[in-house]
Amino acid sequence: MTEQVRRSGAAWGAVGWGVGVLALLVALPLAASGRLPDRLATHWDAGSVRPDGSMPLWVAALFPALIWGVLVVVVGLTLRRAGAGGMVPGWAAAGLGFGGVTLLGAQASVVRANLDRTDWHEAGSVTSGVVGTLVVAATVGAAGLLAARRAPDEPRPAADGPTLDIPAGQRVVWLARTSNPWLQAIAALTGLLAITVVVSALAGLTGLPFLLAATPFTLASILVLGCSSVRARVGEQGLDVTFGPLGWPTRRWAAKDVESARVESRTPAQVGGWGYRLSGLGTTVMLRGGECLVIHPSKGREFAVSVDDAERGAALLNSLSAQHTR
């Protein structure tokens with residue numbers, strides 16, 4: 001994928017998160033309206049842990065959505081002024097992740113505390129829900145910051161050809177990254193479905209059997225997200241291939257263990273589909289049809305990854321491998 005497509009995928013992912021959180025914030029209290037009082041307890045005294053403030057149901061549904069909308073607009077305008085060009089910087093990813101999870105957890109806690117009460121004064125405590133929400137929100141924010149910081153640097157140019165001349169005392173590094181926006185969209189959709197199920201259960205709208213339905217959605221989201229982007233790096237130590245926005249898991253081959261590297265054009269039909277594929281050609285990380293960096297290790301089957309500028313990576317890897325076999 002080109003850099004422009006990768007930036008577009010990141011931008012659409014942020015938009016999907018923004019819309020999904022907004023919809024859940026409004027829908028959650030409205031979906032439970034038949035089991036809620038006309039006014040909802042929305043504030044609790046820190047000392048007695050008793051409700052001391054309330055809002056009409058429709059205000060309780062729209063107020064957190066309004067806060068979220070303002071946050072998203074402020075982040076969007078700031079990115080536009082900064083000329084981010086479709087990328088989501090670390091501070092923006094962390095802020096949107098932390099803010100979205102915090103508001104969703106708070107809304108779920110409020111709904112659960114008021115559920116099946118005839119008067120808002122009878123609402124239960126939200127302490128455990130708030131504490132749990134803050135822990136999860138901090139984790140999500142940190143993950144967003146880490147993912148944004150792992151964006152690759154631009155690869156250093158290297159001469160064309162199957163091998164390169166590396167001047168003595170100098171180090172040359174080749175980096176390339178590929179992402180598939182369709183796989184990222186699927187990961188986002190299944191992730192939002194999992195979040196919807198969990199938030200509904202935390203709000204008390206569904207029971208344990210329904211909560212278990214979040215498991216397959218969560219696993220699908222994690223697995224697809226892990227296969228939706230890949231980064232390849234060739235350096236003195238050999239080849240590193242990292243998966244997903246967090247760069248984990250990682251596959252490594254030492255330069256001395258790579259017998260040869262080449263460029264080969266492959267299609268999803270040849271390797272059996274998209275993502276991490278095992279076929280008669282060996283292992284292929286297929287995120288877009290076209291040129292792939294293919295290595296032939298001294299042990300095991302061939303490994304291929306679909307990245308741009310694969311010829312330079314193969315040339316550098318061949319040169320480093322030759323140095324270790326002299």
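This note describes the predicted model in numbered points, from the overall make-up to single residues.

1. Basis of the note. In this predicted model, local features need a pLDDT of at least 70 and side-chain atom pairs count only at pLDDT 80 or more, while totals for chains, interfaces and linings use all residues. Residues are numbered from 1 along each chain as its sequence is written, and side-chain values use heavy atoms, with hydrogens and water left out.

2. Overall make-up. The protein chain has 9 helices and 11 strands. Here helices (H or I, at least four residues) and strands (E, at least two) are DSSP runs, numbered from the N terminus. Of the 326 residues in the chain, 42% are buried; buried means under 20% relative accessible area, exposed means over 50%, and partly exposed lies in between, with a 1.4 Å probe and protein chains only. Among contacts between residues at least 6 apart in sequence, 64% join residues at least 24 apart, a contact being heavy atoms within 4.5 Å.

3. The five-stranded sheet. An open sheet of 5 strands follows the order β7-β10-β11-β9-β8, and its pairing is mixed. Strands β7 (258–266) and β8 stand at the edges with a single partner strand each, so one side of each has no neighbour in the sheet. Neighbouring strands are turned by 20° against each other on average, direction ignored. Two strands are taken to pair if DSSP finds at least two bridges between them.

4. Pairings at the two edges. At one edge, β7 is joined by 8 bridges to β10 (residues 290–297), and the two run antiparallel. In this pairing Val-258 stands opposite Pro-297. At the other edge, β8 (residues 275–279) pairs with β9 (residues 282–286) over 5 bridges, also in the antiparallel sense. Gly-275 stands opposite Met-286 of β9, and the two strands form a hairpin with 2 residues between them.

5. The nonpolar cores. A nonpolar core is a set of buried Ala, Val, Leu, Ile, Met, Phe, Trp, Tyr and Cys residues joined through side-chain atoms within 4.5 Å. The largest has 26 residues, and those with the most contacts inside it are Trp-174, Val-230, Leu-239, Val-241, Leu-293, Ile-295 and Val-307. Two or more residues each come from β3 (174–179), β4 (229–235), β5 (238–243), β7, β10, β11 (303–305) and α9 (310–325). Helix α9 gives the largest share, 5 residues. A second, separate core of 25 residues includes Ala-32, Val-101, Leu-115 and Ala-203.

6. Surroundings of Val-230. With neighbours within four places in sequence left aside, Val-230 is in contact with ten residues that can be inspected in turn: Ala-176, Arg-177, Thr-178, Val-241, Thr-242, Phe-243, Val-285, Leu-287, Val-305 and Val-307.

7. Packing of α3 and α5. Helix α3 and helix α5 (residues 181–202) pack at an angle of about 35°, with axes 8 Å apart. Axes are lines fitted to C-alpha atoms, for helices over the stretch in contact, and angles run from 0 to 180 degrees between N-to-C directions. Leu-104, Ala-108 and Arg-112 of α3 meet Ile-195, Val-199, Ala-201 and Leu-202 of α5. The residues of this contact divide into 6 nonpolar, no polar and 1 charged. In this division Ala, Val, Leu, Ile, Met, Phe, Trp, Tyr, Cys and Pro count as nonpolar, Asp, Glu, Lys and Arg as charged, and the others, Gly among them, as polar.

8. Asn-114. This residue lies in α3 (residues 90–114). Asn-114 is buried, with a relative accessible area of 0%. Beyond four places in sequence, the residues that Asn-114 touches include Arg-35, Trp-44 and Trp-120.

9. Arg-35 and Asp-116. The structure holds 9 salt bridges, each a side-chain nitrogen of Lys or Arg within 4 Å of a carboxyl oxygen of Asp or Glu. One of them joins Arg-35 to Asp-116, with the closest N and O atoms 2.8 Å apart. The pair links distant parts of the chain, 81 residues apart: Arg-35 is in the loop between α1 (3–31) and β1 (39–44), and Asp-116 is in the loop between α3 and α4 (127–149). Arg-35 is partly exposed at 35% relative accessible area, whereas Asp-116 is exposed at 51%.

10. A salt-bridge network. Arg-262 forms a salt bridge with Glu-264, the closest N and O atoms being 2.8 Å apart. Arg-262 is partly exposed at 30%, and Glu-264 is partly exposed at 22%. Glu-302 forms a salt bridge with Arg-266 at 3.9 Å between the closest N and O atoms. That pair joins the loop between β10 and β11, which holds Glu-302, to strand β7, which holds Arg-266, 36 residues apart. Both Glu-302 and Arg-266 are buried. Salt bridges with shared partners join Arg-262, Glu-264, Arg-266 and Glu-302 into one network.
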